Structure formats: C-alpha cells, structure tokens
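Reader: Got a minute to walk me through this one? I'd like to start with how the chains sit together.

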2 protein chains.
Amino acid sequence: MTASNKQAVKAYLLNLQDKICQVLAAVDGKETFVEDSWQRPEGGGGRSRVLTNGAVIEKGGVNFSHVHGSSMPASATAHRPELAGRSFEAMGVSLVIHPNNPHVPTSHANVRFFIAEKEGAEPVWWFGGGYDLTPYYGNDEDCRHWHNTAKAACAPFGEDKYPRYKKWCDEYFYLKHRDEPRGVGGLFFDDLNELGFDQSFAFMQAVGDSYTQAYVPIVERRKDEPYNQAQRDFQLYRRGRYVEFNLVYDRGTLFGLQTGGRTESILMSLPPLVRWEYDWQPQPNTPEARLYEHYLQPQDWAE
Amino acid sequence: MTASNKQAVKAYLLNLQDKICQVLAAVDGKETFVEDSWQRPEGGGGRSRVLTNGAVIEKGGVNFSHVHGSSMPASATAHRPELAGRSFEAMGVSLVIHPNNPHVPTSHANVRFFIAEKEGAEPVWWFGGGYDLTPYYGNDEDCRHWHNTAKAACAPFGEDKYPRYKKWCDEYFYLKHRDEPRGVGGLFFDDLNELGFDQSFAFMQAVGDSYTQAYVPIVERRKDEPYNQAQRDFQLYRRGRYVEFNLVYDRGTLFGLQTGGRTESILMSLPPLVRWEYDWQPQPNTPEARLYEHYLQPQDWAE
C-alpha cells in the first residue's frame, strides 16, 4: 500500500462521481447536480452532489468523501476488533437515486476503500461496495438486466464472485423487524483484499463502472410509464422501508454519523417524501401484492 | 413486589389508555381510535389503538403492551449490566400524536413498569416514563403551560423531581448528529424505585394522568389556526427529525425491535407523511428560524 496506490483510488473515485453525474443528468434532461464541497473538522472532507425535482429524478445524491481519523470508529471495528485503536482513512463514492415515477426503481451504489494504519505495522486495507435495486412495481426483465450486468462485471474475477456477493447483498439489505429484503438485491462486497491490491482495485472499478449500465436502461424503459395517485402513494409508503433500513441498519450511515461525518451528505440518501401507514397490507392479486410475493423473495435473477 | 402490585399497575395502564383515547377522540371530533389486540409469540402482547385522518389528528397511536421474556434484551442492560441474563416483564402505555395543523405541536408520552427477576434473588423493578412536546411553530404560552403542568404533577413528590426529570428529558430527546433537541422537552424519568413501590407507582400515575391536561389545552388553542402550504411543508420537513430520533436513538423503539415486539405497534410513532430536503436552512427572521433559535434552545419554561 503506497501513497501512489491511494492517489490512484482517489483519482478513480472522483472521476467516477463525475461520470455518473453526467450520465444521470443527461437521463434526467431537466435538472443538473448541484455541488457542495465540505471539510470535516477532524480530517478530510467531501464533494456532495444533489439533483432535486428533475423530470425523472425526484432526488438523487452522488457523494464523494475522503475522511481520516486517529482512531477507528466502532461501526468499523465491530467485526474486526483487532483493528481497534488504529488510525483510519476511508474514501468512497456513495449514491442513491429516488425517481419520481413509481415504475422506476430506486437504486443505490457505493464503492469504497479503507486503510487502517498503526506505526510499526503493515497497513491493513480493503475495498468494499456494490449496488442494489429497490423496485415499487417490479419487472422481471429489469431484475434480470440488473443482475446480468452485475454478473458480467464480476465474471473476469472468477466464477465465485457474483454468487457470493449477490448472496451477501441479499443478507445485508434485509429489514429484520419486517422480515423483508429492501429490494431485489445486486452486489455487496466488503473486506476485499485477498486478490492483492491491483486486482482488488480492478474489481471495485468493475463494480463502479457497471452501475450506470445496470441502471440507466431500466430508467429509460420505465420513466414515461403512466401512473396514478394510488401507485404514487404505494411508492411513498414503500420508501418508508428505505428510511427504516438506512437509519436502523445501514453500516455506512452509522459509520458516517459516528465519525462526525457531514449529516446532510450522509442523510442525502433519504427519500424526498415518505408515508407511513399503520398496518397497511396489499390487497391479494394486485401489483402491490406481487412486489411482496415475487420481487421481495430472494431468487436467481441472473442467467 | 407482589403479584397484586403488578396487577395494580396493569389495571392502571389499561385504564389510562382508555381515558387518553376517550379524551383525544373527543378533541378530534371526527374519527375514533381503532383497536388491534396482538400476541407476542415469545410471551405477552398488547392493545394498539390508532386514529387516522381525523379532523385534528392526522395520525395518533396509543399503545398498551405487556411483554415478558426469559432474558433481558441488550437495550435494557446496556446501562445495567448486572441484570444481564435475568428474565423480564415490561408493561407500559406509549403514545405519539401527529396533528394535521402545523400550529399544533406533536406530543409523545410514555409510562412503563419493568421487572427483572432471577430465581433465589429479590426482583429488581423500576418505573419510567415522561412526556415531551415537539412544536413546529412554537408559542411561549404553550411551552409554559406544558412545563407548568409537568411541574405541578411532580410537586407532591419533592422539589427536586421536576428540575431533574426536565433536564433528563432535554438530554434524552437530543439528536446528536444534528446537535438539536427534538422539541421543547418535558419530563423523562427512568430507573425509579428509590421512593418505594407505592410512591414510585404514584409518581408514574401523576405523570400519566397529567398528560392530557398538559396537551389538550394547547391543541384546543391552535387547532383552528389557518396555515398555508409553506407551513405544512415545514411541518413535514421537521417531522423528518422525529423519524431520525426514533429510529436512530430511541431506547423504547430499539427495545421493541430487539425483543421481537410487534413492528406495526412500535413504528406507529412514525409520522404519516414526511419530507427530507437536502441542506435546508430557514431564512433569517422567519417563524421557521425562530423554532431553531428560540424553541429548540433548552430553557426554563416553568414558572
């Protein structure tokens, strides 16, 4: 792990943020991303970009951050207690896109690089990331495209990668108190260093680069589908699950809040408008019931 | 701690739920509370009551629950590690009222009784509870009435009670990641047993019984004030803070979710409609700015 390795990852991440914002703004066609640069008093900072009230995107946030600190936060050492007390450096791009149209799924992507250091010891580093899709009114075609793109991105790195990270994604994006997955999944990986730096970095790039290929065709296919108020209401209701997951379970959110990250950038992921309704249940044999019965059941979407 | 003590607390709590629902339904005038009784597979159950789309109350939930289990949950032993491994029994009434009109504050109240038992040892028991007020457009008169009522309820139990539990409330209902209190506070107490059973129980009753006296006059004064869409939007935006507090910090919510409580009853506290807006700030010298500058600054409201 050299300084030039870190620089290479950082340059990639900044460029990835640029590219994703360009592509998504072009898809939206009406609004563009507005940028806020910020400094973290304890070290580091970030570049937040938000698009709001677009033609397609109701709220989308694409955040780059690079933070460092003298002591690993609890959320990062919970499953790696041997790293407690090390200094850390974390950089990543994280994004969530909430579309207007309930026929367009919400998507989330993240790629990150983490280094834990201690004087007199080798640095410990790893990559993490992935992307997952959260439909309101699902389509098998979309789910297959999403997972096929993820699988193709993983393929050059070995046949085990897609099934392993697909399963991890299903396990991670799961609301225990609802006994419900957040969506139809995708990829989730963490602690990746066993391929060595070059290949691990290449894998993270393959994931980062394939996100727009996975998402944009779905957006293009669904963005002009007509919808009514009941469908909009269902979307707002289901967005509540997104809030519940992010605030109760999401490690990245907890990491950000615990490390004194910039709250507005961390909570950029929350939807613009959300409903909660006591004990709501879908009527049998409706498209809403189909979300629960078909799409929110983990399954093999890739071919 | 005898079986008849437990029965007395339970009878009080069930009656309190009845009385509060009657009073609030009368204030609303249009809708009534709908009841769901539920069983918890691991032991116990509850009686949830929800009023939705009322004339005054947009969503209000008043929940009674009585649960027991063979091992204390982590959220309850975090600050009392000596109780880990004991069986537990918990009963309480918890409520949150979200009004339609942004001039009417949201209110929350809770009273609870907890018993931790182990064979061959004395049972450990305590009472807890309190109530707190969350205005959108505050009024000094309302804050004074709320806190004066709380202070009067505490007075028979000693002069130290109100200041101590008022301060605890300010400390508890605090969003660290926003550096912001949830509202204008009220009372919060926990671990109360030092008065002995009879007086501790009496204190909990004084708190429970005074909630409607504290809240209803405020609702009556404000419920017909006209408001516009911008004020409604501000209310929906501020409701986001309520969600953030309840899902990230609230011990009662975590306790419920960790003990396999009924999710719909626990999350009944979440507002019916909520907005998040990236990096929103109030304009200077507006009623919205006054919420932050005046009402969300802990202060001595009681006379």
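Author: Sure. Of the residues of chain B, V274(B) comes closest to the rotation axis, with its C-alpha at 2.6 Å. Keep in mind that this is a predicted model, where local features need pLDDT of at least 70, side-chain atom pairs count only at pLDDT 80 or more, and totals for chains, interfaces and linings use all residues. Residues are numbered from 1 along each chain as its sequence is written, chains are lettered from A in the order in which they are written, and side-chain values use heavy atoms, without hydrogens and water.

Reader: OK, what rotation superposes chain B on chain A?

Author: One of 180°, with 0.0 Å of shift along the axis and an RMSD of 0.0 Å (a least-squares fit on C-alpha atoms of residues with pLDDT of at least 70 in both copies). That is the relation of a two-fold axis.

Reader: And how many residues does each chain put into the contact?

Author: Chain B gives 29 residues and chain A gives 29 residues, contact being heavy atoms within 4.5 Å. 100% of the interface residues of chain B are also interface residues in chain A, so the copies meet through the same surface.

Reader: Which residues of chain B lose the most area there?

Author: E264(B), W276(B) and Y278(B), which together make up 32% of what that side buries. The area buried between the chains is about 2,500 Å², with 60% from carbon and sulfur atoms (accessible area lost on putting two parts together, 1.4 Å probe, summed over both).

Reader: What does E264(B) pair with in a salt bridge?

Author: R178(A), at 2.9 Å, N to O. The count between the two chains is four salt bridges, each a Lys or Arg side-chain nitrogen within 4 Å of an Asp or Glu carboxyl oxygen.

Reader: Switching topic: is M268(B) buried or exposed?

Author: M268(B) counts as buried because its relative accessibility is 4% (buried is under 20%, exposed over 50%, partly exposed in between, 1.4 Å probe, protein chains only). M268(B) lies in the loop between α8 (263–266) and β10 (273–275) of chain B; helices are DSSP runs of H or I with at least four residues, strands runs of E with at least two, numbered from the N terminus.

Reader: What's it in contact with?

Author: Beyond neighbours within four places in sequence, M268(B) is in contact with residues including Y278(A), R49(B), K59(B) and N63(B). M268(B) and G60(B) are 208 residues apart in sequence and 7.9 Å apart in space, C-alpha to C-alpha.
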